[in-house]
Each structure stands twice: as structure tokens, then as C-alpha cells.
Amino acid sequence: MLGKLFDRQPASSPASATGLTGPRILRHSGGWGTIRKRLASEEGLRVLDIGTTSPANINYLTSLGHSVYMADLVEDGGASEWLTGTDEDGKPVWDVEGFTQQNLQFSGRTFDIVLLWTTLDYLPEGLVAPVVGALHGAMSPGGQLLAVFHTKLQPELAPYHRFHITDTDDVELQRARPATQQRALTNRQIERLFSEWSGLKQFLAKDGISEAIIFR
């Protein structure tokens with residue numbers, strides 16, 4: 001579901017209205033620390049933040065002089081309107097073109113930073129590669145994408161979280177609307193998925209979570 005483009009204007013939204021619940025859990029993020037340094041040293045960047053609207057993210061990014069756009073791919077990816085049937089093997093068939101056009105068409109805008117977080121772990125299988133391809137086309141050369149991955153497939157232990165950024169190398173995790181973990185990608189699978197990108201920097205896994213910055 002597409003969000004509004006924010007340009008140096010703070011915004012606020014009650015957690016109950018966005019489906020965010022419970023306390024925020026602080027977690028160190030080497031990937032966010034790297035992205036944060038770029039955001040602090042450059043001006044006028046365009047940032048695409050994937051997930052439920054986060055006033056904290058909007059306010060922080062706009063306070064640095066950047067513009068931010070939001071798209072909630074996990075929520076919209078679970079909508080039945082994109083499921084068009086099944087193939088001869090009984091696997092779901094998705095309206096990939098409709099989904100990407102509604103969620104990842106930005107009227108010619110391109111982005112310098114994409115905060116993808118754990119989105120790829122929760123999307124239906126048929127949407128994963130098309131989303132990566134659409135993001136590649138929506139980023140400026142030299143752009144950076146931050147992705148977070150679970151190292152094990154444990155749906156019962158991996159509820160979907162929204163990531164709230166801070167002015168430190170920590171992020172705050174808060175439970176979002178329910179979504180089921182669909183996969184746990186290996187390092188090799190991540191490399192293949194982003195094979196058309198120019199480079200990838202992976203961060204050591206910790207507590208069942210790994211991070212990567214992928215370069216456009």
C-alpha cells in the first residue's frame with residue numbers, strides 16, 4: 001500500500017491505527033549504522049522505507065533534510081486480490097504486474113536509500129523476485145538497500161516487526177500486523193537473488209538475524 005511522499009515535514013500516527021503493538025525492543029544494527037553515516041553526511045537523499053508508517057522514521061529522516069516515501073509491501077502482499085489462482089502443480093499464482101504497479105511505481109522518482117528490513121522473509125514466494133527487480137529499477141546508481149534476514153525458518157518464533165530507526169546504531173523493533181515468516185534465505189540464495197546488483201556487503205549473523213547492504 002503506497003504512502004505519501006514526505007519532504008521535510010514531520011508526521012504522527014497513533015500506533016493503534018497502524019497495527020503496531022507492544023513495547024519496542026532495542027537491537028544493534030551494523031547495517032543501519034552504515035546507512036546512518038551516509039544519511040548524516042549527505043543532504044537531499046530520497047529514502048524508501050518499507051513497512052507500516054513510522055512517525056519516528058519520518059521525523060528523523062526529514063530532520064536531516066531527506067525526503068521519505070513509504071510502502072507497506074508485507075500487508076499488501078497478503079491481500080487476496082493479488083492471488084489469481086493456482087498452477088498445474090497447485091502452487092499459488094500471483095498478479096505480479098498488478099502488485100508491483102500499485103506498490104512500486106513512483107512516477108519517475110528514484111531512490112538513494114531503500115530500507116527493506118525483513119520484508120523478503122514474509123512476502124509470498126511469487127512476489128519475492130519481482131519486488132527485488134522493481135526495487136533495482138527504482139534506485140539511483142550508487143544507491144544502497146538495507147535488508148534483514150532470518151537465518152532459520154521458525155514462523156512461530158519470528159513474528160513480523162516494524163523497524164524504527166534511531167540516531168544511534170540501534171533500531172527499535174515493534175510488532176506489526178500479523179504475518180507469517182515464509183522463508184529463511186541462505187547467503188548464497190541472497191547473492192543469487194541480488195545477482196543483477198553491483199555488490200553486496202553482509203554483516204555477521206547475530207541471534208538468528210543477518211543483515212546485508214546491497215549496492216545498486
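User: Which strands each supply at least two residues of the lining of the largest pocket?
Analyst: This is a predicted model. The largest pocket holds about 340 Å³ of space. Its lining draws on several strands, and those that each give at least two residues are β2 (21-28), β8 (139-150) and β9 (161-165).

User: Which residues lie nearest the centre of the largest pocket?
Analyst: The lining of this pocket counts 19 residues. By class they are 9 nonpolar, 7 polar and 3 charged. Nearest the centre lie His 150, Leu 157, Ala 158, Asp 207 and Ile 209.

User: What is the strand order in the open sheet of 3 strands?
Analyst: The pairing in this sheet is antiparallel. The order is β2-β10-β9.

User: Which are the edge strands of that sheet?
Analyst: Look for strands that pair on one side only. In the order β2-β10-β9, with a twist that averages 30° from one strand to the next, the edge strands are β2 and β9.

User: Which residue in β10 is the bridge partner of Thr 21?
Analyst: Strand β10 covers residues 170-175. β2 and β10 pair in the antiparallel sense, over 5 bridges. The partner of Thr 21 in β10 is Arg 175.

User: At about what angle does helix α3 run to β9?
Analyst: Helix α3 spans residues 55-63. It lies across two strands, β2 and β9. Its angle to β9 is about 30°.

User: Which residues of α3 are buried?
Analyst: To count as buried, a residue needs under 20% relative accessible area. After the helix comes Gly 65, with a positive phi near 90°. Within α3, the buried residues are Pro 55, Asn 57, Ile 58, Tyr 60, Leu 61 and Thr 62.

User: Is Arg 36 buried or exposed?
Analyst: Arg 36 sits in helix α2 (residues 30-41). Its relative accessibility is 18%. The cut-off for buried is under 20%. Arg 36 therefore counts as buried.

User: Which residues is Arg 36 in contact with, leaving aside its neighbours within four places in sequence?
Analyst: One of the contacts is Tyr 60, a buried residue of α3. The full set is Tyr 60, Thr 166, Asp 167, Thr 168 and Asp 169.

User: How many residues of strand β7 are buried?
Analyst: Strand β7 covers residues 111-117 and is mostly covered. One of its residues, Trp 117, has 3% relative accessibility and so counts as buried. The count for the strand is 7 of 7.

User: Which residue in β8 stands opposite Val 114?
Analyst: Val 114 belongs to β7, where it is the bridge partner of Leu 48. Strand β3 (residues 46-50) runs parallel to β7, joined by 3 bridges. β7 and β8 also run parallel, joined by 5 bridges. In β8, the residue opposite Val 114 is Leu 145.

User: What is the volume of the largest cavity?
Analyst: A search of the whole structure for cavities of 30 Å³ or more finds 1. The residues that line the largest cavity include Ile 50, Leu 116, Trp 117, Tyr 160 and Phe 163. Its volume is about 30 Å³.

User: Which strand gives the largest share of the lining of the largest cavity?
Analyst: The lining divides into 5 nonpolar, 3 polar and 1 charged. Two strands, β7 and β9, each supply at least two residues. The largest share is 3 residues, from β9.

User: What is the phi of Trp 117?
Analyst: Most residues other than glycine have a negative phi. Trp 117 is found in strand β7. Although it is not a glycine, its phi is positive, at about 55°.

User: Is Ser 107 buried or exposed?
Analyst: Ser 107 lies in the loop between α5 (96-103) and β7. It has a positive phi of about 55° although it is not a glycine. Its relative accessible area is 73%. The cut-off is over 50%, so Ser 107 is exposed.

User: Which helix gives the largest share of the lining of the second largest pocket?
Analyst: This pocket has a volume of about 210 Å³. Its lining counts 20 residues, with Val 74, Glu 75, Gly 78, Pro 178 and Ala 179 nearest the centre. They divide into 11 nonpolar, 6 polar and 3 charged. The largest share, 3 residues, comes from helix α4.

Note on methods:
Residues numbered from 1 in each chain as written. Predicted model: local features only at pLDDT ≥ 70, side-chain atom pairs only at ≥ 80, totals over all residues. Heavy atoms only, no water. 1 Å grid on protein atoms, 1.4 Å probe; cavity = no way out; pocket = protein on both sides within 12 Å on 5 of 7 lines; lining within 4 Å. Points joined across faces, edges and corners; volume = space filled by probe spheres on them. Helix = DSSP H or I, 4+ residues; strand = E, 2+ residues; numbered from the N terminus. Nonpolar A, V, L, I, M, F, W, Y, C, P; charged D, E, K, R; others polar. Pairing = 2+ DSSP bridges. Axes fitted to C-alpha atoms, helices over the stretch in contact; angles between N-to-C directions. Contact = heavy atoms within 4.5 Å. Buried < 20%, exposed > 50% of the residue type's maximum accessible area, 1.4 Å probe, protein only.
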